[in-house]
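Let's take a walk through a protein model together. Keep the picture open as you read, and look up each residue when its name comes along.

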Amino acid sequence: MTSFESSRVAEIHRELHTHLPSEPALRVKALESLLVEKGLLDSRTVDAWVEAYTEEIGPKRGAHVVAKAWTDPAYKARLMADAPAAIDEFGYLGGATSHLKVVENTDTVHNLVVCTLCSCYPFSILGIAPNWYKTAAYRARAVRDPRGVLAEFGVEIGDEVEVRVWDSTAELRYLVLPQRPAGTEDRDETALAGLVTRNSMIGTQRDLSPKTGEAS
Amino acid sequence: MDGVHDLGGKEGFGPIDVDEPETPFHYPWEGRVWAIVQSTGVADWTIDWWRHVRELIEPGDYLTRRYFDQWMQTQTAALIDSGVLTVEEVSTGVSQSAPEAGGPPMRPDEVLPAAASFAEDFSREIDAAPAFTVGDRVRARSMGAPGHCRLPQYARGRAGVIHAHHGAHVLPDASAQGEERAEHIYSVVFEADALWPEASGRRDRVFLDLWESYLERP
């Protein structure tokens, strides 16, 4: 039975801190073998989860959604109105995306996503969150100094642009729809998806113009 | 709880490591932790109970341990609390009881269907009419709450405007105690200069999703 008691869990944390080795790799190895021994875990399933989030479930999915929205106005309308249904058209609905909202960058608006209270992230379309997204520094600073944080990512935001920071405090998750870069009119959906980066869908990149010299 | 997890706006943190590798896991053990958390658990856990177990990690550990190390600590503590493991078993790595009765562990071929089925719906139909409508001026409650609460300290007591109403969602404060209660939930927009003393004149805004009981009329 789960206790749902804060004080009991805090005591468990203190005991674990005292008794376990400091090296995380050792602790994980011991935990995995204990769970396997108890018949609660299959190590092949662990391998399969790692493979799923390394090969299958990642920001390529989000990039596909963005490129589709850039090239198909009807899809974009569905995405803005009901993002979970729109990503489900591609089978991308899953962990943490049942209340997804899409926020669109424009010439005068830049969107930036953070979770200050934990590290909420739309796993099923962006995969595992970047480590920086989960650090105390990003969680503390993104709401307070978004322009300073963006500058560290090489993004300079003009005074005429409003920065909107979305703090994921509930089960709603946010996906930034970046602007389609100029000069990409002749590119098809697949080529466009190749321009869309993970960071641009979190908001820590703004300009997706193809790099100079890149074939169009 | 007013824990160190409530990081929004806290000062003194240094630059972001913007050059880290883009690989999902930076060490093999991080992927193992992710997978263990996806594959194990107890039926009466809620996402909010799990988050609360994480925020109860000792403050020093919370601020210094890597994210997936915190996940491992959370999963371990929650499994111990629910009686699945003991501190001694985790410390020694040796099981001291027979395997749990119950279903077999998740199979490898169940992983992708499980990932898709984790799209949990937190919206609920409730009888109460929403207390606020889009455009209403509101103030976030000035007090926190014992236990789990999703009203960040930086917004407490501050005035904002209802940007959107998203129907009713499960209230995390109750869900973290194993109870289900739903309330209307709103996106509330705060001007940056209503939150931060140095933001005067900056045209930036912060949007938070807040439950109705977190809000009052100004």
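## A loop, a pocket and a core

Start in the loop of chain A that runs between α6 (83-88) and β1 (100-104): that's where you'll find A:Ala96. Keep in mind that this is a predicted model. A:Ala96 isn't a glycine, yet its phi is positive, near 70°. Is A:Ala96 buried or exposed? Neither, quite: A:Ala96 counts as partly exposed, because its relative accessible area is 24%, and buried would mean under 20%.

There's another residue with this backbone habit. A:Phe4 sits in the segment before α1 (6-19) of chain A, and A:Phe4 also has a positive phi, about 55°, without being a glycine. Here are the two phi values:

| Residue | Phi |
|---|---|
| A:Phe4 | about 55° |
| A:Ala96 | near 70° |

Now zoom out to chain A as a whole. Chain A splits into domain 1 (22-56) and domain 2 (59-202). Measure from one C-alpha centre to the other and these two domains of chain A are 30 Å apart.

Next, the empty space. The largest pocket holds about 1100 Å³. A total of 45 residues line this pocket, and those closest to its centre are B:Gln38, B:Thr46, B:Ile47, B:Trp50 and B:Glu120. What kinds of residues make up the lining of the largest pocket? You get 20 nonpolar, 14 polar and 11 charged ones.

Three helices of chain B, namely α1 (28-39), α2 (47-55) and α4 (67-81), each put at least two residues into that lining. The top contributor is α2(B), with six residues. This helix is mostly covered, too: eight of the nine residues in α2(B) are buried. Among them are B:Trp49, B:Trp50 and B:His52, along with charged ones such as B:Asp48 and B:Arg51.

Finally, look for the greasy part. In soluble globular proteins, nonpolar side chains tend to be buried together. Here the largest nonpolar core has 126 residues, and A:Tyr53 and A:Tyr138 have the most contacts inside it. α4(B) supplies the largest share of this core, eight residues. A second core lies apart from it, made of five residues that include A:Ala136, A:Ala140, B:Leu7 and B:Ile57.

Which residues does A:Tyr53 touch, once its neighbours within four places in sequence are left aside? From chain A, A:Tyr53 is in contact with A:Phe123, A:Gly127 and A:Ile128. From chain B, the partners of A:Tyr53 are B:Pro24, B:Phe25, B:Trp34 and B:Ala115.

Conventions:
Residues are numbered from 1 along each chain as its sequence is written. Chains are lettered from A and ligands numbered from 1 in the order in which they are written. This is a predicted model: local features need pLDDT of at least 70, side-chain atom pairs count only at pLDDT 80 or more; totals for chains, interfaces and linings use all residues. Side-chain values use heavy atoms; hydrogens and water are left out. Domain bounds come from an automatic or database domain assignment. On a 1 Å grid over the protein atoms alone, a cavity is a set of points where a 1.4 Å probe fits but cannot get out, and a pocket is an open set with protein on both sides within 12 Å along at least five of seven lines; lining residues have an atom within 4 Å of a point. Grid points are joined across faces, edges and corners, and a volume is the space filled by probe spheres set on the points. Helices (H or I, at least four residues) and strands (E, at least two) are DSSP runs, numbered from the N terminus. A nonpolar core is a set of buried Ala, Val, Leu, Ile, Met, Phe, Trp, Tyr and Cys residues joined through side-chain atoms within 4.5 Å. Buried means under 20% relative accessible area, exposed over 50%, partly exposed in between (1.4 Å probe, protein chains only). Contact means heavy atoms within 4.5 Å.
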